Amino acid sequence: MATSFTHAKPSEQRSSVLPPWLWFWLAIYIIGVSSVFDRVKVNLLILFTGNDGINSSIRYSAFERVPGVVEILLDFALFTGVLTVFLPWIRTVFLQRKYGLTEPQFLPPGTPQQTLQTLSGVSGFVREHAPGLILTYNAGGKILSDKAFVYPIGYRKAGLALSGRLLALWNRDQQAAEAILLHEIEHFRHGDMLVIGAGSLLETIIRRWFLLTAVFVIIPLVISLLIEHITSFQEEMGIAADLPTIISFHVRQVFTMDIPFIVLILSQSFFWAASLFTIVVMAIWCTEINADRFVVDTTQSTQALEKATDQHAAPTSWRRWLLSGVYHPPIALRRWLVLRSEGTKGLTLLLLLFPAAWFIRLFFLSGWALSQYLVFLYTGTSAGYIVGELGIDAEYFLEALVPVWIAMAVLIVLWPMLRRYWESIFAHAAGRRANANYPAYLSSTGFVIFVCMIGLILSLLPAPTEPAGATPIIPYSRSSGPSGHFQVGETATISNAWIIAVHDAQVKPDNGLFPASSGHAFLAIDVSLKNISTQTSNLASDFQFTLQDLHGVRYDETYIAATPPPAVAQDGNVPAGATVQGQLNYEIPISITQFTLSFEVDWKNPDPSKVTIWDIKVNPAVAPTGTPVTTPTLAPTPSASTSTTVYPTLQQAYQGTLVNTTDNSNTSATATLSSIVQVNGDISGNMTIQVPLAGSGPFTGTVSSNGAIQFTVIPTDNSGYAAIVFMGTIHQDGSMSGTYTLPGTNQGGTWQFKPI
């Protein structure tokens, strides 16, 4: 048996050189746990409802819902691990039952004498350096893969689990065994045993990350893309298109769109997972390196650390090497940092290891954001815009670091004075107050304060502006009419992005392939778009064009056989200066005659107040199959002399009450209709809404011979609403009442007016 090292006396053992970064991480996690709950809530809403609860206009398909499961599991694993810190007996019972951990005095009678003698020697060594540590032995259950580890037994007690391998090593090379025990003793003195288990379940999830990603990300994504290809292929074959051309198109789409898209989604998942556990992994690394430094200080030899680290088996694959890094930094890095930490520069580097983790996290978050932005390269987003957005994200990240880094700076500069008292909490005996290398602590503090100053300066500067090329300055257009809406036949110029014309709207009984369902017809809208920007733009008609009726009901675009939609005609990309023309086709109820068609430039960031709108009025009659009926929108309004319909006559002004019934709030406000002009069934005027509600502005609408009234208000009071739609009935006494909705939101209520 090899002789042991010359150790520093227990009363002379130095205190740890590194602050308890694992506890610091725990405090930061608890402070920000509300953001974790918000993230999990959004992912759960997407998973079970198909909407994130933030933007009601975005819907997720069944296959788009499941990728969030991986994020939910990662958050759940980390949160559950944190809970075990406050319930240490759960981990105690689990470990003792799993490994059959038993104190030496309670071992069964048949235990070999050599094992008892070795345990006695180990017990004496442990009592000498950590009297409060309870020794247990892996007498049954699963065989320990580690030679030894500490674990909590309550809040201020800990156990040291020993394996048969450690006892064998003690008999073979006592110096190496003592170094391993000293490493674990420092975990006990530093209070690591309570917190280090927070990453246990996270490690389990990380080990299965590839499998989880395949099940919840890759497979659903591939199935979704496959269904899209099959559906598109069937529709294209239905119009007798050229088969080789169709196959060539889909093959090209797989290699130029689908595969890059899958790669970017995978990179998003990887970078997000890495950013989530970067800080806690680095905190664990710091505890390991701090324990290594304790071994060197106590044995007064670097040979002890080398002997201890030589006992770690080398990973047999790159995957095992990556997973081993969750709890232990690479052996070469551990030795290099510990051996150089005796000097000022080396100790400064060691002290800055944990703060550096926040920049590593920034790298992973940038990779995650870049993967998201690169998806939009296919939609005409410029590379300059992506770089600018990443810069803005980094700036916000540095601003948010200021409070955290101030706390880190305070902890680093005070640690030489606090460390003895910190260890006394767990070991019940403080280490010797060594001659601290204050220049290293001051240098580390200075660097952290410097980063804080950068973040503080950035927070005092004006908010960063969107980079050039992000979106047009004014991404919508308004008509000069009272409502701000365009009519069929009118052209809208949307800043420096598009010139869009809605030429015609037709109601048809079929779409060229299939007849409309009972009570429905197809509305085909002819549009043309010219790209007036200086770069290729993406046209996604499914997302950018929205048809809805005055009740706020939206209609999905359907496929047209004769003339493909504009976006399809150009594979989604429209070169600068090019013009595309086609039809938008929607299946509508024949009982609905008034619609609005809106176009949104920045469909990736929906904003109901930034849309260009056309009013669409249709004839409810549908001609025999195959004969389209042109809408009367472009025809002049019949004059009073030729009209045979009798319409109710409105007064010039009304006053009444609006009641917002959203979420049963029943907030009411006084409102007036004034300057009312009526020409037959068409009406216009102004609405004024008093606080606490908002939405004042001009309105246009219609009244019917049966007393029905509907009108749309375009708010001009900076309320942020795009439109408010009112529908109701004119009563015999001249009063009116009904309901109102705000398209694109879940808000609405009731209204009633009387003439004044």
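## Thr596 and its surroundings

Leaving aside residues up to four places away in sequence, Thr596 touches His485, Thr546, Leu547, Gln548, Ile613, Trp614 and Asp615. In this predicted model, Thr596 is found in strand β15, which covers residues 594-599. Because its relative accessibility is 11%, and buried means under 20%, Thr596 counts as buried.

## A barrel of eight strands

Further along the chain, eight strands close into a barrel, and their order is β18-β19-β20-β21-β22-β23-β24-β25, with antiparallel pairing. On average, and with direction ignored, neighbouring strands of this sheet are turned by 30° against each other.

One pairing can be described in closer detail: strand β23, made of residues 724-730, and strand β24, made of residues 736-741, run together in the antiparallel sense over six bridges. Within this pairing, Gly728 stands opposite Gly738, the latter belonging to β24.

## A nonpolar patch on the surface

On the surface, a nonpolar patch is formed by Ile406, Val410, Leu414, Met417, Leu418, Tyr438 and Leu442, which together have about 580 Å² of accessible area. Two helices, α18 (383-427) and α19 (438-460), each supply at least two residues of the patch.

The contribution of α18 is the largest share, amounting to five residues, while Leu442, another member of the patch, is found in helix α19.

Methods: Residues are numbered from 1 along each chain as its sequence is written. This is a predicted model: local features need pLDDT of at least 70, side-chain atom pairs count only at pLDDT 80 or more; totals for chains, interfaces and linings use all residues. Side-chain values use heavy atoms; hydrogens and water are left out. Patches are made of residues with over 30% relative accessible area and no salt bridge: like charges are joined within 9 Å, nonpolar side chains (Val, Leu, Ile, Met, Phe, Trp, Tyr) within 5 Å. Accessible areas come from the Shrake-Rupley method with a 1.4 Å probe; for residues, only the protein chains shown count as cover. A salt bridge is a side-chain nitrogen of Lys or Arg within 4 Å of a carboxyl oxygen of Asp or Glu. Helices (H or I, at least four residues) and strands (E, at least two) are DSSP runs, numbered from the N terminus. Buried means under 20% relative accessible area, exposed over 50%, partly exposed in between (1.4 Å probe, protein chains only). Contact means heavy atoms within 4.5 Å. Two strands pair if DSSP finds at least two bridges between them. Axes are lines fitted to C-alpha atoms, for helices over the stretch in contact, and angles run from 0 to 180 degrees between N-to-C directions.
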